[in-house]
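Biologist: Got a minute to walk me through this one? Let's look at it together and take it piece by piece.

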Amino acid sequence: MLGWGVEFLRAEMNRLLALLFHQGVLDEQFLQLQQLQDESSPNFVSEVITIYFHESEKLLRNLRLLLMERELSDYKKMEIHLNQMMGSSSSIGAKRVRNVCVAFRAASEQNNHAGCLRALELLEHEYCYLKNKLHELFQIEQQRALASVVRYPARHN
Amino acid sequence: MPKSQFLGVFLNGEVTALVVDDHKVSQIIHHQLLNFFGIKNHVVGNRKEAIEIPYSGKKFDLILMDRDMPVLNGIEATKKLRDMGVRSTIAGVSSHSISEERQEFFEAGLDDCHEKPLTAAKLLSVVSKIKSKA
C-alpha cells in the first residue's frame with residue numbers, strides 16, 4: 001500500500017511536469033536545476049524558487065507603481081526591472097514568464113504605455129499560474145518524501 | 001556524471017571562480033553549478049566588491065560577470081579589472097543580448113559571453129577557455 005502511494009505520487013509529479021513542459025510554462029532549464037540538487041543541498045530547487053517568488057513579486061509591484069505614474073513613466077527603470085525578471089525567469093526555466101518579459105521590454109523601448117500595461121497584466125497572470133503550479137509540484141514532492149520515510153512491517157500471506 | 005573528476009582531468013588542477021552578480025537567484029544557481037563541477041567559488045553582490053578583490057591578493061581563474069548591474073555595470077567593471085592587470089578568464093553573463101552591447105562587453109576585455117540561463121554546457125564551454133594560471 002505504501003509503495004503504491006509513493007509511486008502514485010511520483011507519477012503525479014511527472015504528469016504535472018509533463019503538462020507544464022507541454023504548455024511551455026517550463027523548459028529544460030528547470031530540469032537542470034533539479035540535477036543540481038543533491039544530498040549536500042537537498043532543498044536546492046525549492047530554495048531557489050522561493051527566492052525567485054520573493055524577487056519577482058517585488059519587481060511586479062515596482063513595475064505596477066511605475067506604470068501608474070500618469071505624467072511620465074520611467075521606462076529606463078522599467079527596463080532594469082524587466083532585465084532582472086527576464087534573467088531570473090530564464091535561470092529557473094520559467095519560459096512563458098520570460099517571453100512575456102521580452103514583449104514587455106519591447107513595448108517599454110517604444111515608450112508604449114498602453115502596450116506596457118497590457119504586457120504587465122499578462123505577466124502578472126503568467127506569473128500567478130506558474131506560482132500556483134510550482135506550489136502544487138512542491139506539495140506533491142513533500143507528500144512523496146514523507147510517504148517514502150514511513151516504514152511498515154512486512155506482510156505475510 | 002562524475003563531477004569534479006571530469007573537470008579535474010580536463011583542467012589538470014584546481015580551478016577557482018568568482019561570481020559577480022547582484023541577483024540572488026543567479027548567485028545561488030551559478031554558485032551551485034560551479035560546485036557541481038568541483039570549482040571552488042566565491043560570490044560578490046556588486047561590482048565595487050569585485051574590483052576590490054585584486055587588492056585583497058585573491059586570484060581567480062574564472063570570473064563570471066553579470067552585465068546588468070546598477071552603479072558600476074559589468075562592462076565598466078571588466079575594463080577596470082583589465083586595467084588593474086587582472087588576467088583571469090572573464091565570462092560575461094547577461095539576461096538580454098544586443099550585438100552592440102556584446103561588442104562593447106568584449107572590447108572591455110571579456111573572453112566569453114553567454115545569455116542567461118547559464119547551463120552546464122555553457123559553463124563547460126567557458127571553462128575550456130580558462131587560461132593557465134600566471
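Biologist: What share of the residues of chain B count as buried?

Modeller: Keep in mind that this is a predicted model. A residue goes in the buried bin when its relative accessible area is under 20%. Chain B has 134 residues, and the share of them that passes is 51%.

Biologist: And what is the order of the elements in chain B, from the N terminus on?

Modeller: There are six helices and five strands to place in chain B. Reading from the N terminus, helices and strands take turns, with a helix at each end: α-β-α-β-α-β-α-β-α-β-α.

Biologist: UniProt lists a modified residue in chain B; which one is it?

Modeller: The feature is "4-aspartylphosphate", and it comes from an unreviewed entry. Its place is in strand 3 of chain B, residues 62-66. The residue UniProt lists there is B:Asp66.

Biologist: Is B:Asp66 buried or exposed?

Modeller: Look at what's packed around it, leaving aside neighbours within four places in sequence: the contacts of B:Asp66 include B:Asp21, B:Asp22, B:Ser94 and B:Lys116. The relative accessible area of B:Asp66 is 1%. The cut-off is under 20%, so B:Asp66 is buried.

Biologist: B:Lys116 is on that contact list. Which residue does a cis peptide bond join to B:Lys116?

Modeller: Omega of that bond is about 10°, and the bond is cis. The partner's place is in the loop between strand 5 (112-115) and helix 6 (120-127) of chain B. The partner is B:Pro117.

Biologist: How does B:Thr16 count, as buried or exposed?

Modeller: B:Thr16 is found in strand 1 of chain B, residues 16-20. Beyond neighbours within four places in sequence, B:Thr16 is in contact with residues including B:Ile39, B:Lys40 and B:Phe60. Its relative accessibility is 18% and the cut-off is under 20%, so B:Thr16 counts as buried.

Biologist: Now B:Ala77: what separates its C-alpha atom from that of B:Gln27?

Modeller: B:Ala77 lies in helix 4 of chain B, residues 74-83, and counts as buried at 0% relative accessibility. Along the chain, B:Ala77 and B:Gln27 are 50 residues apart. In space, their C-alpha atoms are separated by 17 Å.

Biologist: Over to chain A. How many helices and how many strands are there?

Modeller: From the N terminus on, the elements run α-α-α-α-α-α. That makes the count for chain A six helices and zero strands.

Biologist: Why is chain A more spread out than a compact globule, and what is its radius of gyration?

Modeller: The C-alpha trace of chain A spans about 80 × 30 × 25 Å along its principal axes. For 157 residues the globule rule gives 15 Å. Chain A is well over that, so it is more spread out than a compact globule, with a radius of gyration of 20 Å.

Biologist: Which residue of chain A, other than glycine, has phi near 50°?

Modeller: Go to the loop between helix 5 (95-109) and helix 6 (113-149) of chain A. The residue there counts as partly exposed, at 49% relative accessibility. The positive phi belongs to A:Asn111.

Biologist: Last one: how far apart are the mean positions of the positive and negative charges of chain A?

Modeller: Chain A has 18 positive and 19 negative charges. Take the mean position of each set, and the two are 3 Å apart.

Methods: Residues numbered from 1 in each chain as written. Chains lettered and ligands numbered in written order. Predicted model: local features only at pLDDT ≥ 70, side-chain atom pairs only at ≥ 80, totals over all residues. Heavy atoms only, no water. Helix = DSSP H or I, 4+ residues; strand = E, 2+ residues; numbered from the N terminus. Rg over C-alpha atoms; globule rule 2.2 N^0.38 Å. Lys, Arg positive; Asp, Glu negative; His and termini not counted. Charge placed at Lys NZ, Arg CZ, Asp CG, Glu CD. UniProt positions renumbered as here; feature names shortened; annotations may be inferred. Buried < 20%, exposed > 50% of the residue type's maximum accessible area, 1.4 Å probe, protein only. Contact = heavy atoms within 4.5 Å.
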